Amino acid sequence: MATSPYSQQVGSLLEQLGPLFSFMTRSPWAQRQGDPTICDFVVGNPHDMPLPGFVDALQRWSVPRTKDWFAYTLGEQPARAAIAASLRERRQLPFDEEDVFITNGGFAAIAVALRAIIDPGDEVIFLSPPWFFYELLIQASGAVPVRVKVNLATFDLDLEAIAAAITPRTRAIIVNSPHNPTGVIYPPETLEHLARLLTAASARNSRALFILSDEAYSRIVFDGRPYFSPAAFYPNTFVLYTYGKTLLAPGQRLGYIALPPSMPGREQLRPAILLAQFMTGFAVANALLQHALPELETLSIDVGHLERKRDRLLEALRELGYDVHTPAGTFYLLPRSPWADDRAFVELLGRHDVFVLPGALVELPGYFRISLTANDDMIDRAIPGFAAALEQARTTRGVG
Ligand SMILES: Cc1ncc(COP(=O)(O)O)c(C=O)c1O
């Protein structure tokens, strides 16, 4: 039977995401969802009750004040104004509310930004280890994904490799800082160097190359560090944000695209972004979240508490003998797996009721990822499991 190009594409995408989907739906972790005895460090989901301020805001703003409270809306003015004001303060750049587009999450912000700039046959560079869905979203936009590894010794960008990957068809590069899963914040020197590379390539190609700056974790930074947005270094930067991390409510789907005031031709991009929101199935945040946004903008999970969980686990894991670096931001720790086969080690941890993400699923074999969104009780209960699994791994060194 002949297969349509669409079903061929679906087949290849499923093949690409197959290991992730099967982990999410069929692994021992998936089978033990809801079991209160497990210690769950797999994804950035909440394991404590939601922020009280978050619930209050949703309740308050769910009461209609006008007849069109729940009408179609492309971007409520108070919400866009609140985002622009927050960006002006946080980024020290004069963002304009006209350049803010409210989306249903960071996922949609990335998809819409890609749709707004891609011509058929364009290439988009993404950095490995990547967030799970970059490659899928690039393909869905009609572009060709081009994978470039970060420097695996430092986890900083490999600028030479990026320069070598740029061609006359390159349209954009997705940069995620603080980076999931390595926890690295790219320093100003790296971003300056990247900006120089992209400026030169844009001139060579007679066409702008964009940075799609995935800033999902820009408010989850530790040790009082500063965060540096690529928008401060390179004018053709789309700032892409989700509130899913800061509010630890990723199922509520709220995010945005913002164009910095320095971006040339941003007036022409505005209608392209709006069109892309329609093309992506009305990728606009729902009315209730837009009304609540000015209040939600001021809220955050307790980053200090997250930092204490980071420190507690780092200390415990290092004491046990795990090799793990200190993340500067994000929700994640990234220890080396004691076995080269991280999937086998993750299974072993699972037998001790401790569930983590195998590095192989984020193109980083030999590591595993721990999400710090687990609660304190899970951390307490997990430490003996981490100890026992390491001990077992050492005594069966041949495995994996
Ligand atoms: C780096 C990165 N970008 C984007 C997203 C998407 O965020 P959301 O699901 O809130 O849209 C995530 C979520 O895990 C992420 O880690």
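Which helix contributes the largest share of the shell around the ligand? Helix α5, which spans residues 105–117, supplies that share with 3 residues. The structure described here is a predicted model.

## Ligand shell

Twelve positions can be traced around the ligand in three stretches of the list. The ligand is surrounded by G105, G106 and F107, together with W131, Y134, N176 and N180, and also by D214, Y217, T242, K245 and R253. Sorted by class, this shell has 4 nonpolar, 5 polar and 3 charged residues.

The space that the ligand takes is the largest pocket.

## Polar contacts and burial

Oxygen atoms of the ligand approach both backbone and side-chain atoms of the protein. At F107, a polar backbone atom is 2.8 Å from an oxygen atom of the ligand. At N180, an N or O atom in the side chain is 2.9 Å from a ligand oxygen. For R253, an N or O atom in the side chain likewise has a ligand oxygen at 2.9 Å. Taken alone, the ligand exposes 390 Å², and the protein buries 92% of that area.

## Salt bridges

Side chains of opposite charge can pair when their charged atoms come close. The structure holds 20 salt bridges. One of them joins the side chains of D122 and R207, with an N to O distance of 2.9 Å. D122 lies in the loop between α5 and β3 (123–128), whereas R207 lies in the loop between α8 (188–205) and β6 (210–214), so the pair ties together parts that are 85 residues apart in sequence.

## Backbone geometry in the loops

Two cis peptide bonds precede proline residues in this model. The bond from S128 to P129 is cis, with omega near 10°, and P129 is found in the loop between β3 and α6 (134–140). The bond from S177 to P178 is also cis, with omega near -10°. P178 belongs to the loop between β5 (170–176) and α8.

A further backbone feature concerns S206. This residue has a positive phi of about 50° although it is not a glycine. S206 is located in the loop between α8 and β6, and R207, the partner of D122 in the salt bridge, lies in that loop as well.

Key. Residues numbered from 1 in each chain as written. Predicted model: local features only at pLDDT ≥ 70, side-chain atom pairs only at ≥ 80, totals over all residues. Heavy atoms only, no water. Near = heavy atom within 4 Å. Polar contact = N/O pair within 3.5 Å; in protein donor to acceptor, adjacent residues only side chain to side chain. Areas by Shrake-Rupley, 256 points an atom, 1.4 Å probe, with all protein chains shown as cover. 1 Å grid on protein atoms, 1.4 Å probe; cavity = no way out; pocket = protein on both sides within 12 Å on 5 of 7 lines; lining within 4 Å. Sits in = over half its atoms within 2 Å of the grid points. Helix = DSSP H or I, 4+ residues; strand = E, 2+ residues; numbered from the N terminus. Nonpolar A, V, L, I, M, F, W, Y, C, P; charged D, E, K, R; others polar. Salt bridge = Lys/Arg side-chain N within 4 Å of Asp/Glu carboxyl O.
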